[in-house]
Amino acid sequence: MAEPAIHTEGLVKTYGRNRGLTGLDLRVEPGEVYGFLGPNGAGKSTTIRLLLDLIRPTAGRVRVLGADPRRDGVALRRRIGYLAGDFVVDGRQTARELLTYLGNLRGGVPRARVDALAARLDLDLGRPIRGLSKGNRQKVGVVQAFMHSPELLILDEPTSGLDPFLQHEFLAMVREARAEGRTVFMSSHVMSEVQQTADRVGIVRDGRMVTVARVEELRERAVRKVEVTFAEPVDAAEFAALPGVSEVTVAGTVLRCRLDGRADALVKAAAAHTAVGLLCEEPDLEELFFGYYSREEATRAVA
Ligand SMILES: Nc1ncnc2c1ncn2[C@@H]1O[C@H](COP(=O)(O)OP(=O)(O)OP(=O)(O)O)[C@@H](O)[C@H]1O
């Protein structure tokens, strides 16, 4: 098996008496888009800062692209594109000057590549950064992360605060990066952006991993609200007994219920009647995500 793009074992980071990470095991395979999800304060930014050697671990092991961020930091930076959650730029220099400077630090980036990204995001490179709007400064951040075509993109809460146009382009760029075989590690507390792009999702809480799953797997386990309209009234009891089906109500010819996991049994039961309409809410990982938490909290309360 290929060496992981990111590998941490028992990663601990304490900030004085505060616990940032309490033993994080993380494995990101090369070429995948990995969504790193968790609520505020879970330890996402701490993890990312450790991967980039911006801070040092209290204990545990970190490998990034097969290297040690602490020893091989300079060489690693050239192979990584990083977009900080709080990416801030300012100054008299133009966007082009800043991007050229950053590009040179990473071994040089073709001008045409920067131009193409800027054109795509509708960013004027000739204007001084201090005169740019917040949205345009964010575009500078996106360009600097992608411009050197890095093997690994590390994106900390990348779409928070992006306008819908930029969000759309950004997610397209993530998908393209994957198509080119790059690895993307993206933190978020917004399920929808991860749902659209990630192959796998790791959910972190209180400084450790709560669960790791493929996005389809999470979807399959997700809870949906389903509404079926029949030609004739149906009996609620017939549907309430089905696996995964609960909260069944029937109003005339319309059946509403909650579906946990696979739709198979419900679909087959509905097919025994004449179904004239079917509405199924796309499952939201958010609900599943908080489902995990409450389940975990419940376990803790019992313990
Ligand atoms: N510099 C610091 N000093 C003290 N405690 C810190 C510091 N940085 C983070 N922490 C603590 O470590 C924990 C994890 O924080 P972290 O910023 O990594 O979470 P996060 O998941 O990135 O959250 P957010 O989405 O809010 O950025 C929190 O309890 C936080 O209070």
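## A walk through a two-domain predicted model

Not counting residues up to four places away in sequence, Tyr82 touches Leu52, Ala145 and Ile154. That is our way into this structure, which is a predicted model. Tyr82 belongs to strand β5, residues 80-83. Is Tyr82 buried or exposed? Tyr82 counts as buried because 20 C-beta neighbours lie inside 10 Å, and the cut-off for being buried is 20 or more. Tyr82 also has Val142 at 8.9 Å, C-alpha to C-alpha, although the two are 60 residues apart in sequence.

Val142 leads on to a helix pair. Two packed helices are described by the angle between their axes and the distance between the axes. Here the axes of α5 (residues 134-146) and α6 (residues 164-179) come within 12 Å and cross at roughly 5°. The two helices are therefore roughly parallel, since angles under 35 degrees are given that name. On the α5 side, the residues that meet α6 are Gly135, Gln138, Lys139, Val142 and Phe146. Their partners in α6 are Leu166, Phe170 and Met173. Sorted by class, this contact has five nonpolar, two polar and one charged residues.

Next, a look at the backbone. Most residues other than glycine have a negative phi, and most peptide bonds are trans. Which phi value does Asp122 have? Asp122 has a positive phi, near 60°, and is not a glycine. Glu157, also not a glycine, has a positive phi of about 45°. Asp122 sits in the loop between α4 (111-121) and α5, while Glu157 sits in the loop between β6 (152-156) and α6. Their surroundings are as follows: Asp122 counts as exposed because it has 12 C-beta neighbours inside 10 Å, whereas Glu157 counts as buried because it has 22.

Here are four residues with their C-beta neighbours inside 10 Å.

| Residue | C-beta neighbours within 10 Å | Class |
|---|---|---|
| Tyr82 | 20 C-beta atoms | buried |
| Asp122 | 12 C-beta atoms | exposed |
| Glu157 | 22 C-beta atoms | buried |
| Ala222 | 21 C-beta atoms | buried |

Ala222 is found in the loop between α8 (215-221) and β10 (223-230). The C-alpha atom of Ala222 is 5.6 Å from that of Gly261, which is 39 residues away along the chain.

Now for the ligand. Which residues surround the ligand? The shell consists of Tyr15, Asn18, Gly20, Gly38, Asn40, Gly41, Ala42, Gly43, Lys44, Ser45, Thr46 and His189. At least two of these residues come from each of β2 (18-28) and α1 (44-51). The largest share, three residues, is supplied by α1. In terms of class, the shell divides into two nonpolar, nine polar and one charged residues.

Finally, the whole chain. The protein is divided into domain 1, covering 6-218, and domain 2, covering 223-282. The centres of these domains, taken over C-alpha atoms, are 42 Å apart. There are 11 helices and 13 strands, and the C-alpha trace spans about 70 × 45 × 35 Å along its principal axes. Of the 303 residues, 34% count as buried. Among contacts in the protein with a separation of 6 or more, 68% are between residues 24 or more positions apart.

Definitions and conventions: Residues numbered from 1 in each chain as written. Predicted model: local features only at pLDDT ≥ 70, side-chain atom pairs only at ≥ 80, totals over all residues. Domains from an automatic or database assignment. Near = placed C-beta within 6 Å. Helix = DSSP H or I, 4+ residues; strand = E, 2+ residues; numbered from the N terminus. Nonpolar A, V, L, I, M, F, W, Y, C, P; charged D, E, K, R; others polar. Axes fitted to C-alpha atoms, helices over the stretch in contact; angles between N-to-C directions. Parallel < 35°, antiparallel > 145°, perpendicular 65-115°, else oblique. Contact = placed C-beta atoms within 7 Å.
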